[in-house]
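Hello,

Here is the structure I promised to pass on to you. Have a look at it first, and then read on for my notes on what turned up.

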Amino acid sequence: MPHLSELHGAATHLAVVAIPVFAILHLVRLAGRGGPALPGAEAWALGAALVGIVAAGVTGLLVWGQAQTTLRGGHFGVGTWHFWLGIVVAVLALAAAADWVITRRRHGEWHRPTIVPVLAVLIVAGVVVQGYLGGRMTYDRGVGVYDAGEHAQTAVGAEELNIALAQGKDMVLAGREAFSAEGLGCATCHGDRAQGERGPTLAGGRDVAEFRSVHQHGLFPPAVVTDRDFAAINAWLKTLGPPGGGDEG
């Protein structure tokens with residue numbers, strides 16, 4: 001089964017190709033060039049762009065939960081900008097399509113929409129910026145990387161925790177260091193004292209099954225952060241307050 005991030009990438013690339021093609025075909029027709037086949041090709045390109053945008057939006061919403069558990073701390077702002085820019089691009093594309101269809105019905109195949117040329121430029125610019133932000137999320141922060149294989153900080157933090165435990169370091173102390181922003185990075189979302197910031201409060205501890213239900217394929221998969229690692233972190237969390245804070249791990 002393809003992963004949701006793969007489906008999102010496929011849908012997005014359809015829109016990324018179709019939108020500039022439609023814009024180019026439209027501008028060529030407005031210039032009076034391209035011959036009789038151009039209006040039909042323009043309609044197909046517009047249809048492909050709309051299908052790609054809708055598919056990218058649907059699959060993007062499905063991947064959104066992964067971005068929420070993968071982007072640490074303030075880096076989640078990249079995901080937020082990427083999300084809302086996608087909404088703006090979709091709205092502009094629908095407006096351009098509506099203007100194109102209305103003017104075509106009124107004036108035939110050689111219609112000259114007044115809004116489409118401006119919107120086409122804005123849409124292409126939006127796609128470029130959104131693609132850059134999506135690249136930042138994937139290649140810099142690892143959104144969509146199955147089992148978090150490329151999250152260097154998580155891997156290094158887990159290795160340091162394992163070394164500390166192997167050397168007999170106190171589990172609570174090792175867990176506190178691993179929870180920090182410099183360790184596994186948990187504190188960047190949950191606060192230095194697990195009091196809750198972008199992520200929920202964890203003070204008082206959590207069950208490992210609850211932890212896995214949220215981070216199974218995010219930053220902390222079992223292959224990288226073992227149950228023993230979690231037990232050390234949880235040992236420190238239990239010293240911070242009563243159990244049961246928040247709704248998710």
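Four helices share the lining of the largest cavity: α1 (4–30), α2 (38–70), α3 (76–107) and α4 (116–140) each supply at least two residues. Please keep in mind that this is a predicted model. The count of cavities of 30 Å³ or more comes to one, and the space in the largest cavity is about 100 Å³.

If you would like to find the cavity on your screen, select the residues that line it: I19, F22, A23, L46, A49, L50, A93, A96, A120, I123 and V124. What kind of residues make up this lining? By class, there are 11 nonpolar residues, with no polar and no charged ones.

Next, two residues that you may want to click on.

H82 sits in helix α3. Is H82 buried or exposed? Its relative accessible area is 16%, and a residue counts as buried under 20%, so H82 is buried. Leaving aside residues up to four places away in sequence, H82 touches H8, Q130, L133, G134 and M137.

P113 is found in the loop that runs between α3 and α4. With a relative accessible area of 4%, P113 is buried as well, because the cut-off for that class is under 20%. Which residues does P113 touch, again not counting those up to four places away in sequence? They are H26, R29, D99, W100 and T103. For a sense of distance, try P113 and H215: they are 102 residues apart along the chain, and 49 Å separates their C-alpha atoms.

Finally, have a look at a helix pair further along the chain. The axes of helix α5 (residues 152–166) and helix α9 (residues 227–237) come within 10 Å of each other, crossing at roughly 80°. Angles of 65 to 115 degrees count as roughly perpendicular, so α5 is roughly perpendicular to α9. On the α5 side, the contact is made by A158, L161, N162, L165 and A166, which meet R228, D229 and A232 in α9. Sorted by class, this contact between α5 and α9 has five nonpolar residues, one polar residue and two charged residues.

I hope these notes help you find your way around. Do write back with any questions once you have had a look.

Best wishes

Methods:
Residues are numbered from 1 along each chain as its sequence is written. This is a predicted model: local features need pLDDT of at least 70, side-chain atom pairs count only at pLDDT 80 or more; totals for chains, interfaces and linings use all residues. Side-chain values use heavy atoms; hydrogens and water are left out. On a 1 Å grid over the protein atoms alone, a cavity is a set of points where a 1.4 Å probe fits but cannot get out, and a pocket is an open set with protein on both sides within 12 Å along at least five of seven lines; lining residues have an atom within 4 Å of a point. Grid points are joined across faces, edges and corners, and a volume is the space filled by probe spheres set on the points. Ala, Val, Leu, Ile, Met, Phe, Trp, Tyr, Cys and Pro count as nonpolar, Asp, Glu, Lys and Arg as charged, and the others, Gly among them, as polar. Axes are lines fitted to C-alpha atoms, for helices over the stretch in contact, and angles run from 0 to 180 degrees between N-to-C directions. Angles under 35 degrees count as roughly parallel, over 145 as roughly antiparallel, 65 to 115 as roughly perpendicular and the rest as oblique. Contact means heavy atoms within 4.5 Å. Buried means under 20% relative accessible area, exposed over 50%, partly exposed in between (1.4 Å probe, protein chains only).
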